[in-house]
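Me: Please take a close look at one part of this model, the salt bridges, and then follow them to the pocket if they lead there. I would like one connected account.

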Amino acid sequence: MESLIRYIKVIGGTPGKEGLLVGLKNGQILKIFTNNPFPILLLKQQTSVRCLDLSCSRTKIAVVDENNTCLVYNLKNKELLFQEPGANSVAWNTHNEDMLCYSGNGILNIKASNFPVHQQKLQGFVVGFSGSKIFCLHVYAMTAVEVPQSASMYQYLETKQYKEAYKVACLGVTDGDWRALAMEAMEGLNFDIAKKAFTRVRDLKYLELLQNIEERKKRGETESLAFLADIYAYQGKFQEAAKLYKKTGNEEK
């Protein structure tokens, strides 16, 4: 090694070929396999490494440096994707490629994709993030903290990323959040996600509506505004529905 080791992370692998991530004081990040005496250089940054973790698809790496900055890189092209201050430890979500958490100064920060972080108080170092559960080491005690994923889900909904919002919802949200996702996806005409979300809350009324729309699409109907008009009518938004019925030539409804 060219420098002192500051952090080691076990990343697993097949028996006899397990891997380690190693962060050095000189800013180098190496991957080492137990069956290979030669380390592989993944990244070289200017500051010393304090903590690091690899995303579940192993395409992104998060590094906490000596300045308490969390830096996230794309390993394919070494591009710095974003950085956040106030970190002493970091962990990727093992169920979601685009979600990580980091802690520092008594605050837990959760970041999904490129959205702003959302925060809550938490003492200690994060050592793992699985689904909606964060594992934290404080002094000598390890605790598991349940973190609702509602905030991250609504961040995706605001930008109409229904598929990503559904993935986050599967990590753990309330029935009210599932219903909000279902309604937003349905009004956004993403019927597949809407159907999955309504199934979660067992809403037979709207599942029946979606089944009706699916059958009409199979018969060759393609007018999205007509589908949206029926959705508004089901929701009791009769003025909006009437405008769309008139626009699509369905005044008789």
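Reply: Lys133 and Glu146 form a salt bridge in this predicted model, with their closest N and O atoms 3.7 Å apart. Because Lys133 lies in strand S14 (residues 133-138) and Glu146 in strand S15 (residues 141-146), the pair ties together parts that are 13 residues apart in sequence. Lys133 itself is partly exposed, with a relative accessible area of 31%.

A pairing between helices is found at Lys195 and Glu214, where the closest N and O atoms are 3.6 Å apart. Here Lys195 sits in helix H4 (residues 191-200) and Glu214 in helix H5 (residues 204-218), so that distant parts of the chain, 19 residues apart, are linked. Lys195 is partly exposed at a relative accessible area of 34%, and Glu214 also counts as partly exposed, at 25%.

The salt bridge between Lys9 and Asp53, with closest N and O atoms 3.5 Å apart, joins strand S1 to strand S5 across 44 residues. Since buried means under 20% relative accessible area, Lys9 counts as buried at 19%, and Asp53 counts as buried at 8%.

This last pair leads to the largest pocket, as Lys9 and Asp53 are among the residues nearest its centre, together with Leu54, Trp92 and Thr94. The pocket holds about 200 Å³ of space, and its lining of 16 residues comprises 8 nonpolar, 5 polar and 3 charged residues. Strands S1, S5, S9 and S13 each supply at least two residues of that lining, with the largest share, 4 residues, coming from S13.

Key:
Residues are numbered from 1 along each chain as its sequence is written. This is a predicted model: local features need pLDDT of at least 70, side-chain atom pairs count only at pLDDT 80 or more; totals for chains, interfaces and linings use all residues. Side-chain values use heavy atoms; hydrogens and water are left out. On a 1 Å grid over the protein atoms alone, a cavity is a set of points where a 1.4 Å probe fits but cannot get out, and a pocket is an open set with protein on both sides within 12 Å along at least five of seven lines; lining residues have an atom within 4 Å of a point. Grid points are joined across faces, edges and corners, and a volume is the space filled by probe spheres set on the points. Ala, Val, Leu, Ile, Met, Phe, Trp, Tyr, Cys and Pro count as nonpolar, Asp, Glu, Lys and Arg as charged, and the others, Gly among them, as polar. A salt bridge is a side-chain nitrogen of Lys or Arg within 4 Å of a carboxyl oxygen of Asp or Glu. Buried means under 20% relative accessible area, exposed over 50%, partly exposed in between (1.4 Å probe, protein chains only).
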